[in-house]
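The following exercises are to be worked with the sequence and the model side by side. Each task is followed by a solution in steps.

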Amino acid sequence: MANSRLPLPTFCIFFLCLFLSIQARKHYHTKHRHNHHHKTYAISEPPSPSPTPQPTDPSNTNAYNSTSAPSPSPEAPSPSDDGNADNSTDAPSLSPSSEPPNPPNDYNSTHASSPSVDPKNPPKEGNGYNSTGAPSPSPSPSPAPADSPNDGNVLDVRKFGAVGDGITDETAAFKMAWDTACEKDLAVILVPYGFSFMIQSTIFTGPCQGSIVIQVDGTLMPPDGPESWPQKYSKRQWLVFYRINHLSLLGGGVIDGRGQKWWDLPCKPHKGINGTTLSGPCDSPVAIRFFMSSNLTVQGLRIKDSPQFHFRFDSCKNVRIESLHITAPALSPNTDGIHIENTNGVEIYNSVISNGDDCISIGSGCYDVDIRNMTCGPGHGISIGSLGNHNSRACVSNITVKDSVIKYSDNGVRIKTWQGGSGAVSGIIFNNIHMNNVRNPIIINQFYCLTKECTNQTSAVYVSDIQYTNIKGTYDIRSPPMHFACSDSVPCTNLTISEVELLPAKGDIVLDPFCWNAYGDLPTITIPPVSCLLEGFPRSLLDNQLDHC
């Protein structure tokens, strides 16, 4: 046994080797465990939102949702009702809707914001009305206005006390916003989306210090009918802009005239027996009137159901109207879409108008008017006149209507004058117009009369130099496709009819045109032939001292 024992040094060496071996195995196992590739799931941190840029220029309409509250200035005095508003219109009243209006970009479905406009440089080319009616994504209602150091030129009407519930009288708030804007070099009055504002008959007066943009993204409306209209306010007009230079009325919002109760007044023609009128008050307001103003832009709006005219321009110059959508029922009385009087330098483009009267009416004193890319109807077509009423003098010249469609209307392109007037209509071009089931596609009527009591008179407005080119389509067989009824004593002269093709909307019988004392030229064959047109120049006018304006 003694010989089997290991010496102490040998035993220590053996034990040390065993210990080192165990430690080496443990270290290898630890390295092996940490060399495995385990699957991990990293949670990425969301990017911090970029700060919203503050508007530095009122032409940037994307900045309208954040506005400052300038201190209101005293209310400016308003001029009294002007007598030129005798053709005022009434506005149908509707119950305030609890639903927000359609999004403000219906006329341009590519983006949600309204067109950006520099008040000093109104747009020369509009976005165009989206006739397909495809809805755009509905934006949320504008948030409550917030103070911001850089947006002092954008004036949200809510900062002046407007509520936007469609019931509260917001007149004072809008007047304060206007007075504040009028003192600035550049200003944008914002009518925010998602709110309805009821305003009494109001005159916004200038001149102002600089350019003003009224950005209508919400809904504007008058009181609900004549019973709700305060007695102290004029019933001939609703919103009037007086002596303003550089004003733009823009946006994709709605101007709701609320006209039904006005149309139902007993004095209106369609309420009496066989179209007769009954006694009683009959004044009805024009919805939007511009008076003695210049450099105006109206773009992108939808306006409906005015009591009478939807837009009226009196004694204005340099007016651009584009991408509007105007609607009223076909039987609504005197609801002209756009009426101009004593106004020059007018451009009306790319709009859709359906109403109960003239799509566009051109009164006395208008010249240099360009109308293009319009869709009119139902209604009464595009009219020059009526002119010469009450033996008055009327002058209209240099009017162009082209590239348009007129459908399901009582008239197409019309010139109408009263007997007994004086003055002249000349330099008129109707070109490239498509007619769809129109009762009087081409008409000159110098015996215009609203009753059967008009008598023949020797004086008349002189109609000359009228061109009808490339007018094609169909007509309602109740009337001939062309009607030239000219004055007995002052014939129409220099009528040019070229490339006109008008066929009946129903049946195969083509009616002959009607002519009376009409002189002109036929450069091309027309359908139907205008064999009744007289050639040359009337001898009766050679010695007649005509008023050529």
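**Exercise 1. The nonpolar core**

Determine which residues Phe311 is in contact with, leaving aside its neighbours within four places in sequence.

Solution. Step 1: with contact taken as heavy atoms within 4.5 Å, Phe311 touches Leu249, Ile288, Phe290, Val298, Ile303, Leu324, Ile326, Gly337, Ile338 and His339. Before going further, note that this is a predicted model, in which local features need pLDDT of at least 70 and side-chain atom pairs count only at pLDDT 80 or more, while totals for chains, interfaces and linings use all residues. Residues are numbered from 1 along each chain as its sequence is written, and side-chain values use heavy atoms, with hydrogens and water left out.

Step 2: place Phe311 in the largest nonpolar core, which has 95 residues. Such a core is a set of buried Ala, Val, Leu, Ile, Met, Phe, Trp, Tyr and Cys residues joined through side-chain atoms within 4.5 Å; buried means under 20% relative accessible area, exposed over 50%, and partly exposed in between (1.4 Å probe, protein chains only). The residues with the most contacts inside this core are Ile288, Phe290, Phe311, Phe313, Tyr468 and Phe484.

Step 3: separate from it is a second core of 6 residues, including Ala460, Val490, Leu541 and Leu546.

**Exercise 2. The open sheet**

State in what order the strands of the 11-stranded open sheet are arranged, and which strands stand at its edges.

Solution. Step 1: helices (H or I, at least four residues) and strands (E, at least two) are DSSP runs numbered from the N terminus, and two strands pair if DSSP finds at least two bridges between them. The order is β5-β8-β11-β14-β17-β19-β21-β23-β25-β27-β29, with parallel pairing.

Step 2: β5 and β29 (514-516) are the edge strands; each has a single partner strand, so one side of each lacks a neighbour in the sheet. On average, neighbouring strands of this sheet are turned by 15° against each other, direction ignored.

Step 3: follow the bridges from β5. Strand β5 (residues 202-205) and β8 pair over 4 bridges, with Thr202 opposite Leu239. Strand β8 in turn pairs with β11 (residues 286-291) over 5 bridges, and Val240 stands opposite Arg289. Between β11 and β14 (residues 311-314) there are 4 bridges, with Phe290 facing Phe313 as its opposite residue.

Step 4: consider burial. In β8 (residues 237-242), 6 of 6 residues are buried. Thr202 of β5 also counts as buried, because its relative accessibility is 5%.

**Exercise 3. A helix on the sheet**

Identify which strands helix α2 touches, and how many of its residues are buried.

Solution. Step 1: α2 (residues 171-182) packs on the sheet and touches β5 and β8, and its direction makes about 10° with that of β5. Here axes are lines fitted to C-alpha atoms, for helices over the stretch in contact, and angles run from 0 to 180 degrees between N-to-C directions.

Step 2: 10 of the 12 residues of α2 are buried, among them Phe174, Trp178 and Cys182.

Step 3: residue contacts link the helix to the sheet. Leaving aside neighbours within four places in sequence, Thr202 is in contact with Thr171, Lys175, Trp238, Leu239 and Val240.

**Exercise 4. Aromatic pairs**

Classify the pairs Trp229 with Trp262 and Tyr242 with Phe291: which is stacked and which is edge-to-face?

Solution. Step 1: rings of Phe, Tyr and Trp (its six-membered ring) pair if their centres lie within 6.5 Å; planes under 30 degrees apart count as stacked, over 60 as edge-to-face and the rest as tilted. The structure holds 12 aromatic pairs.

Step 2: Trp229 and Trp262 lie 5.3 Å apart centre to centre with 85° between the planes, hence edge-to-face. Trp229 is in the loop between β7 (219-221) and β8, and Trp262 is in helix α3 (residues 260-263), 33 residues apart. Both Trp229 and Trp262 are buried.

Step 3: Tyr242 and Phe291 are stacked, at 5.5 Å centre to centre and 25° between the planes. This pair joins strand β8 to strand β11 across 49 residues of sequence, and both Tyr242 and Phe291 are buried.

Step 4: ring pairs also link Trp178, Phe204, Phe241, Phe290 and Phe313 into a cluster.
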